[in-house]
Amino acid sequence: MIRIGVVGAGVIAAEHFKHIHANERAELVAICDIVPNLAETAANQYGAAAYTQVSSMLEKENLDALFICVPPFAHNDIEEQAARKGIHLLVEKPLGLNMAQVRQKAAVISEAGILTSTGYCLRYMETVQRAKQYLAGKEIGMVRAHRFGGLPPSAWWINHAKSGGQLVEQTTHNVDLMVYLAGGVRKVYADMALLLNRDVPGITTPDAASVNLVFTSGALGHIDTGFLPQPDDRSSFEIMGRDFRLSIDGMKLTITEPGRTITWQGTGNFYKQQDDAFIRAIETGDNSLILASYEEAMHTLEVTLAANESAETGLPVMII
């Protein structure tokens, strides 16, 4: 039985709670949140112990794994504390807001030799895995994506210093799909602006962003994102290569080739698949079950932070 603790008891943590609880190989034994009521309510629901301090939880509980589900500004040294105790980690996206700090965490994680997974759950979608198989060995020319949605309710989210903005905190999923399916990025140029939400009290983060990418393969990419006042949420993903076009729309994958179009409708819960894969990897030691390691998530973070830097300076940013 894999004994699991969770830091954070918000919306995304609640998604993990139910999948850990439903996994017959795992036991949710401890939940920590700086808001006592949140920790206690969740702990009572799942029969776990409640904590308000990570250090206390790690000292008192014999954990095999820790799920870190905190806002990007609140990681502090949680990863380091757990890694030094040999506790395997699933860290929600984004990993942080400062690459130097994240690299320091990665060094501690590497030295500890633990397994790591991250919250890039879309990689576990059936359609994404089919796309990955289809694209193997194919030449890609262009990658395009967009994501538009409403303003999240969390008070910290509109503070750019705490969230990093929509691209870093939310649309990072879409950027990660671009990286996962088309390869690494070496150059980023971005424009961002606060346009239609200027009347939101305390807002400091842009509500519109347009980002150009150059992949290490030489392929070109572009992604638009915004939380502009709109009647609906929209998201798209498209890759164009030699004699094919591949698009992902929700759980549907469409591949268009000369003379034919192939469509797959995906099934399954990718959040559950992500958590089950991590738990199974701990149980078996099979790291290949994890599709989004800490190291891979670092590159996605670096791309989004580079976009922020480019928007601030007006210059392209190279990623080495």
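Which residues are linked with Arg3 in a network of salt bridges? In this predicted model, the partners of Arg3 in the network are Glu27 and Glu61. Side chains of opposite charge can pair when their charged atoms come close. By the distance rule applied here, the count comes to 18 salt bridges.

Among these pairs, Glu302 and Arg103 meet through their side chains, with a distance of 3.0 Å from N to O. The pair joins distant parts of the chain, since Glu302 belongs to helix H11 and Arg103 to helix H5, 199 residues apart. Glu302 has a relative accessible area of 19% and is therefore buried, as the limit for that class is under 20%. Arg103, in contrast, has a relative accessible area of 41% and is partly exposed.

A salt bridge is also formed by Glu139 and Arg242, whose closest N and O atoms are 3.1 Å apart. This pair, too, links distant parts of the chain, with the two positions 103 residues apart in sequence numbering. Glu139 is placed in the loop between helix H6 (126–135) and strand E7, whereas Arg242 is placed in the loop between strand E11 (234–241) and strand E12 (244–249). Arg242 counts as exposed because its relative accessibility is 61% and the class begins over 50%. In a further salt bridge, the side chains of Arg234 and Asp232 meet at 4.0 Å, N to O. Arg234 is partly exposed at 36% relative accessibility, and Asp232 is likewise partly exposed, with a value of 41%.

Helix H5 comprises 14 residues, from 99 to 112. At 1.5 Å a residue, the helix should span 20 Å, and its end C-alpha atoms are indeed 20 Å apart, so the expected and computed spans agree. At the N-terminal end, H5 is capped by Asn98, a side-chain oxygen of which lies 3.0 Å from the backbone nitrogen of Ala100. The buried residues within H5 are Met99, Val102, Lys105, Ala106, Val108 and Ile109. These buried residues pack against two helices, H4 (78–84) and H11 (294–313), and against two strands, E5 (88–91) and E6 (116–118). H5 is followed by Gly113, which has a positive phi near 70 degrees.

Helix H9 (residues 172–182) is mostly covered, with 11 of its 11 residues buried. The buried residues include charged and polar ones such as Asp176, His173 and Asn174, together with Val175, Leu177 and Met178. Just after H9, Gly183 adopts a positive phi of about 100 degrees.

Two loop positions were also examined. Trp156 lies in the loop between strand E7 (140–148) and helix H7 (160–163). When residues up to four places away in sequence are left out, Trp156 touches Pro71, Pro72, Phe73, Lys162, Ser163 and Glu169. The contact with Pro72 involves a residue 84 positions away along the chain, and the C-alpha atoms of Trp156 and Pro72 are separated by 10.0 Å.

Ile34 is found in the loop between strand E2 (26–32) and helix H2 (36–46). With a relative accessibility of 74%, Ile34 counts as exposed, because the limit for this class is over 50%. Together with Val35 and Leu38, Ile34 forms a nonpolar patch on the surface, and the three residues have about 290 Å² of accessible area together.

Definitions and conventions: Residues are numbered from 1 along each chain as its sequence is written. This is a predicted model: local features need pLDDT of at least 70, side-chain atom pairs count only at pLDDT 80 or more; totals for chains, interfaces and linings use all residues. Side-chain values use heavy atoms; hydrogens and water are left out. Patches are made of residues with over 30% relative accessible area and no salt bridge: like charges are joined within 9 Å, nonpolar side chains (Val, Leu, Ile, Met, Phe, Trp, Tyr) within 5 Å. Accessible areas come from the Shrake-Rupley method with a 1.4 Å probe; for residues, only the protein chains shown count as cover. Helices (H or I, at least four residues) and strands (E, at least two) are DSSP runs, numbered from the N terminus. Buried means under 20% relative accessible area, exposed over 50%, partly exposed in between (1.4 Å probe, protein chains only). The expected span of a helix is 1.5 Å times one less than its number of residues. Contact means heavy atoms within 4.5 Å. A polar contact is a pair of N or O atoms within 3.5 Å; within protein, one must be able to donate a hydrogen and the other to accept it, and residues adjacent in sequence count only if both atoms are side-chain atoms.
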